Amino acid sequence: MSWRSPSARLGLVAVMLALLAFCFSYWWQGNLWHEVAGTLVLTFILRHVLNNGWWWRLARGRWTLARAVASVLTLLLALDVLVVTLTSLAISRSLSLPLPGTFTLREIHWFAAWWMVALVGVHLGLNAGRVARFLRWSMLPAAGRAALGMAALGLAVQGVFSGAILGLWPRLMFRYSLAMWDFNASVLPFFGHWIAVVMLFAVIGRGIATALDWQLRRSAFA
Ligand code: HEM
């Protein structure tokens, strides 16, 4: 199996998501595992960002509203990854670099990390068409596709409540939240809430992609 095959690429996306989720369970396994998982996921993401030819394609082709919106959202995610990477280096307890103002850098690290959940979800939603092609979604019977669509929508609705439980909504507004998961009481539900939140943003991303596609078709026939 080649590393470029659809199943290998989807497997890599699943590993990236699992590692990213693990990064948010900071108080479960502690700082060292957080730093190890964070370094791995950032390496994966940076490799994905730098190596997929997207940057070169930016300079080519015709610009439409759909392309501009999708590109801005992707650039925001790339910027966010850069911020998390730089602040990680600055606040790392393993590296212990003698830098001033680490409290502010830690705050930037937290808020950029929480925004990564939203931006990764939207990014997945924008690229859902490709994921569906990889999974041969169109080969499924219509009833199967409808059932999976309903399950995704149900999970997205749960994501609204899960975001509140995880304290995500104030954090996305750059405000503090007292929400803190008690990993001694349970572990799996934390990851369930995390998946629901990513699904909520993926559905939003899918909605944006569908609206832009519709706008594009409308302008093509106008
Ligand atoms: C995508 C990767 C990463 C994400 C999503 C992430 C996310 C987070 C979050 C949400 C927190 C706050 C934990 C809490 O108090 O609940 C945190 C704290 C922290 N992270 Fe990361 N992180 C990532 C990568 C890294 C890396 C690579 C390092 C270092 C090599 C690192 C070092 C730290 C440290 C030292 C803290 C504790 C800061 C403090 O004293 O409050 N992180 N991270």
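Q: Which helices each supply at least two residues of the shell around the ligand?
A: In this predicted model, they are helix H1 (6–23), helix H2 (26–29), helix H3 (31–51), helix H5 (65–91) and helix H6 (102–126). H3 gives the most, with seven residues.

Q: What makes a residue count as part of the surroundings of the ligand?
A: One of its heavy atoms must lie within 4 Å of the ligand. The ligand is surrounded by 23 residues, and the closest are Trp-27, His-34, Arg-93, Arg-106 and His-109.

Q: How do the residues of the shell around the ligand divide into nonpolar, polar and charged?
A: There are 13 nonpolar residues, seven polar ones and three charged ones. Trp counts as nonpolar and Arg as charged.

Q: Why is the pair of His-34 and the ligand called a polar contact?
A: A polar contact is a pair of N or O atoms within 3.5 Å. A polar side-chain atom of His-34 lies 2.8 Å from a nitrogen atom of the ligand, so the pair meets the cut-off.

Q: What makes polar contacts of Arg-93 and Arg-106 with the ligand?
A: In the case of Arg-93, a polar side-chain atom lies 2.5 Å from an oxygen atom of the ligand. For Arg-106, an N or O atom in the side chain is 3.0 Å from an oxygen atom of the ligand. Both values are within 3.5 Å, so both pairs count as polar contacts.

Q: Which pocket does the ligand take up?
A: The ligand takes the space of the second largest pocket.

Q: Why is the pair of Phe-103 and Trp-110 called edge-to-face?
A: A pair of aromatic rings is described by the distance of the centres and the angle of the planes. By the pairing rule, the count comes to 15 aromatic pairs. In the pair of Phe-103 and Trp-110, the ring centres are 6.2 Å apart, within the 6.5 Å cut-off. Their planes stand at 85°, and over 60 degrees counts as edge-to-face, so the pair is edge-to-face.

Q: Why do Phe-103 and Trp-110 count as partly exposed?
A: Buried means under 20% relative accessible area and exposed means over 50%, with partly exposed in between. Phe-103 has 45% and Trp-110 has 33%, so both count as partly exposed.

Q: Which residues form one aromatic cluster?
A: Phe-22, Trp-28, Trp-181, Phe-183, Phe-190 and Phe-191 form it.

Q: How do you know whether Thr-64 is buried or exposed?
A: Thr-64 is in the loop between helix H4 (54–57) and H5. Its relative accessibility is 18%, which is under 20%, so Thr-64 counts as buried. A polar atom of the Thr-64 side chain lies 3.1 Å from the backbone nitrogen of Arg-67.

Q: Why do Ser-92 and Ser-96 count as buried or exposed?
A: Ser-92 lies in the loop between H5 and H6, and Ser-96 is also placed in the loop between H5 and H6. At 10%, Ser-92 is under the 20% limit, so Ser-92 counts as buried. At 52%, Ser-96 is over the 50% limit, so Ser-96 counts as exposed.

Q: What is the phi of Ser-96 and of Phe-174?
A: Ser-96 is not a glycine, yet has a positive phi of about 45°. Phe-174, likewise a residue other than glycine, has a positive phi near 60°.

How values were computed
Residues are numbered from 1 along each chain as its sequence is written. This is a predicted model: local features need pLDDT of at least 70, side-chain atom pairs count only at pLDDT 80 or more; totals for chains, interfaces and linings use all residues. Side-chain values use heavy atoms; hydrogens and water are left out. A polar contact is a pair of N or O atoms within 3.5 Å; within protein, one must be able to donate a hydrogen and the other to accept it, and residues adjacent in sequence count only if both atoms are side-chain atoms. On a 1 Å grid over the protein atoms alone, a cavity is a set of points where a 1.4 Å probe fits but cannot get out, and a pocket is an open set with protein on both sides within 12 Å along at least five of seven lines; lining residues have an atom within 4 Å of a point. A molecule sits in a cavity or pocket if more than half of its atoms lie within 2 Å of its grid points. Helices (H or I, at least four residues) and strands (E, at least two) are DSSP runs, numbered from the N terminus. Rings of Phe, Tyr and Trp (its six-membered ring) pair if their centres lie within 6.5 Å; planes under 30 degrees apart count as stacked, over 60 as edge-to-face and the rest as tilted. Buried means under 20% relative accessible area, exposed over 50%, partly exposed in between (1.4 Å probe, protein chains only).
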